Amino acid sequence: MSVRSASAVPVLVAVLAVAAWALPGAAQARTVYRCVRDGTVSLATAPEPGSRCEPREIPDDAVKLPNLWGEMGVINGSLYERQQDGKTVYSTRKLPGSVRVMGFSVETPPGEPAHPGLGKVGKPQTDKFTGQFRAAAQANGLDDAWLRAIAHAESGFDAKAVSSKGAQGVMQLMPETAKEYGVTDPFSSAESIAAGARHLKSLMRRYKGDLTLAAAAYNAGIGTVSRYGGVPPYRETQDYIAKVQALHQLYRLALGTGKPALRAAQ
């Protein structure tokens, strides 16, 4: 991957450093190249043909990896392997002859609302606020199982939950969102569930019934989804969506509204 507007991400340097460590040699430092081409930046273990590359040494005993990207935005993409001059090299830019080795994503930058959620994937809890979920789902035309999956992922059904980012209650609404939907007590399960369902109804309308985009926007915000034209590359959001999808299936089965998902043969 080459990056046109991506962030300072030490984890990427770590990936390249590990790749460099895997190459032959017993040096006291490894070299990672910062390569620029056509306004894009990539990192590699050898100079890339056609790019302007600068070598940066990383000591074997480095406690903190340097920032080779510069001040940019968010990065996610792939690490590629190819043969160059008879040697195996790695790069985040896909060049001719490259083979994808692994993908990567990064933590949410400071100030973004994306979060992994407070609830853990586990057994469905169909005894939590049963009437409130059923009523809120019916009133807003939502799948009861999906509404419960969101609440489970967000708070684990803890009406008093408060996240590190300030979200509150069963549905983990941010104060401004709660205010928008007329919530007077964010720790009232009834108010939180009703407002969360109304918010999800709005998101479902915006994204034409796409559950994945609605969950992404609930987690990371409408503006972030718009900025990236879809699910943002934040690890927290992607993990959150996977959690909600797994919980949705579990709640559909528990409530008798779904069939077991097919599994790949081993």
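A residue counts as buried under 20% relative accessible area, as exposed over 50%, and as partly exposed in between. That cut-off serves several stops of this tour, which goes through a predicted model.

**Whole chain**

Start with the whole chain selected and coloured by pLDDT. The mean is 81, and 76% of the residues reach 70 or more. Now select residues 1-14: the pLDDT here is below 50, yet the stretch has 62 contacts in the model beyond near neighbours in sequence. Residues 21-27 are a further stretch to pick out, with pLDDT under 50 throughout. For residues 21-27 the model has 11 contacts beyond four places in sequence.

Switch to a cartoon view. There are 8 helices and 6 strands. Followed along the sequence, the order is α-β-β-β-β-β-β-α-α-α-α-α-α-α. Taking contacts between residues at least 6 apart in sequence, 60% join residues at least 24 apart.

Next, turn on the surface. About 13,600 Å² of the chain is exposed, with carbon and sulfur atoms supplying 53% of that area. Of the 266 residues, 45% count as buried.

**Salt bridges**

The structure holds 3 salt bridges. Show side chains for each pair in turn.

Select Arg-93 and Glu-48. Their side chains form a salt bridge, at 2.9 Å from N to O. The two residues are 45 apart in sequence and link distant parts of the chain. Arg-93 sits in the loop between β5 (87-91) and β6 (99-104), while Glu-48 belongs to the loop between β2 (40-44) and β3 (52-59). Arg-93 and Glu-48 are both buried.

Move to Glu-54 and Arg-56. Here the side chains meet in a salt bridge at 3.1 Å, N to O. Are these residues buried, partly exposed or exposed? Glu-54 has 40% relative accessibility and therefore counts as partly exposed. Arg-56 is also partly exposed, because its relative accessibility is 30%, a value that lies between the 20% and 50% limits.

Finish at helix α3, residues 144-155. Select Arg-148 and Asp-144, whose closest N and O atoms are 2.9 Å apart in a salt bridge. Both residues lie within helix α3, 4 residues apart, or about one turn of the helix. Arg-148 and Asp-144 are both buried.

Notes. Residues numbered from 1 in each chain as written. Predicted model: local features only at pLDDT ≥ 70, side-chain atom pairs only at ≥ 80, totals over all residues. Heavy atoms only, no water. pLDDT = per-residue confidence, 0-100. Contact = heavy atoms within 4.5 Å. Buried < 20%, exposed > 50% of the residue type's maximum accessible area, 1.4 Å probe, protein only. Areas by Shrake-Rupley, 256 points an atom, 1.4 Å probe, with all protein chains shown as cover. Salt bridge = Lys/Arg side-chain N within 4 Å of Asp/Glu carboxyl O.
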